Amino acid sequence: MAVTLVAERHFAALPETRRRFLDDDRLLVVLDDFLTAERIDRLAAHAARHDDYAVEYGLTPDDDEGWAETRGRHVTRAEYEAAPEAQHYYRFASSRFWSYRPGQTRLDASCPFDLAEMAALLEFARAGTGYDLGKIRCVLRRFGPGDFIGDHHQNRLDRVLTAHLPLTADPGEDLLLTLYGHDNTPRRIPLTRNSFSWFDLRGRWREAVARRTSAVPVDLVHFWFYA
């Protein structure tokens, strides 16, 4: 099954992938052409016709705890549009979440992956990092014109890794992820179609997704992996 999901060449390269990941100064690895051509096409079609997206609006935190965790305030569209632009923290569309743990026997049919595929993705991340991971969670995201995520980090809720898998190609503009080092140095990672980009959240790297200017929406799968 796994070979029909992840491109076969990535299995042979797993030792090298782990070395690259562990040697990277921000514990980041990017794998191009991650899924098989047939599987990425089906996944992109699934996301394009998905009818459970809800636009999420966020403003900058308004208390010390919110800033410490760099969590935005979820607000309504009216509140977002009435706030000064300097307070805009994120805007994007999101589906529901799906999770898998080893031994799980059921998965909601709306999930873009089946149970065996979720198990295979979890095992691939375990092999590619050497980490003892015990849970995978994913969500569909859509970034349309003007959508973005401000400077934040995800090191909470017992997360270990995060990963992005863009499904949509736009020759005019890739989705751009920026990781900020502890010295505030930015590292920019173009999120191209069918690239699988993961990094260790426990380094507390701050990250942002640049505001999208293209008229073409980009769909992606956002993953988290837990110990």
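The following dialogue takes up burial, contacts, cores and the largest pocket in a predicted model.

Guide: The model is predicted, so that local features need pLDDT of at least 70 and side-chain atom pairs count only at pLDDT 80 or more, whereas totals for chains, interfaces and linings use all residues. Residues are numbered from 1 along each chain as its sequence is written, and side-chain values use heavy atoms, with hydrogens and water left out.

Visitor: Why is R212 called buried?

Guide: Buried means under 20% relative accessible area, with a 1.4 Å probe and protein chains only; R212 has a relative accessible area of 2%, and therefore counts as buried.

Visitor: What does R212 touch?

Guide: Contact means heavy atoms within 4.5 Å, and, leaving aside residues up to four places away in sequence, R212 touches F143, G144, P145, G146, D147, D170, E173, D174, L175, P217 and V218. R212 and G144 are 68 residues apart in sequence, yet their C-alpha atoms are 6.7 Å apart in space.

Visitor: What makes the pair of R212 and V216 a polar contact?

Guide: A polar contact is a pair of N or O atoms within 3.5 Å, where, within protein, one must be able to donate a hydrogen and the other to accept it, and residues adjacent in sequence count only if both atoms are side-chain atoms. The side chain of R212 reaches the backbone oxygen of V216 at 2.8 Å, so the pair falls within that limit.

Visitor: How do you know that T129 is buried?

Guide: T129 has 2% relative accessibility and therefore counts as buried. A polar atom of the T129 side chain lies 2.7 Å from the backbone oxygen of A125, and the T129 side chain also reaches the backbone nitrogen of Y131 at 3.1 Å.

Visitor: Which residues of the largest nonpolar core touch the most other members?

Guide: A nonpolar core is a set of buried Ala, Val, Leu, Ile, Met, Phe, Trp, Tyr and Cys residues joined through side-chain atoms within 4.5 Å; in the largest, of 39 residues, F113, F223 and F225 touch the most other members. Apart from it lies another core, of 20 residues, among them I189, V218, L220 and W224.

Visitor: How do the residues lining the largest pocket divide?

Guide: The lining divides into 11 nonpolar, 7 polar and 7 charged residues, where Ala, Val, Leu, Ile, Met, Phe, Trp, Tyr, Cys and Pro count as nonpolar, Asp, Glu, Lys and Arg as charged, and the others, Gly among them, as polar. A pocket is an open set of points on a 1 Å grid over the protein atoms alone, where a 1.4 Å probe fits, with protein on both sides within 12 Å along at least five of seven lines, and lining residues have an atom within 4 Å of a point.

Notes
Buried means under 20% relative accessible area, exposed over 50%, partly exposed in between (1.4 Å probe, protein chains only).
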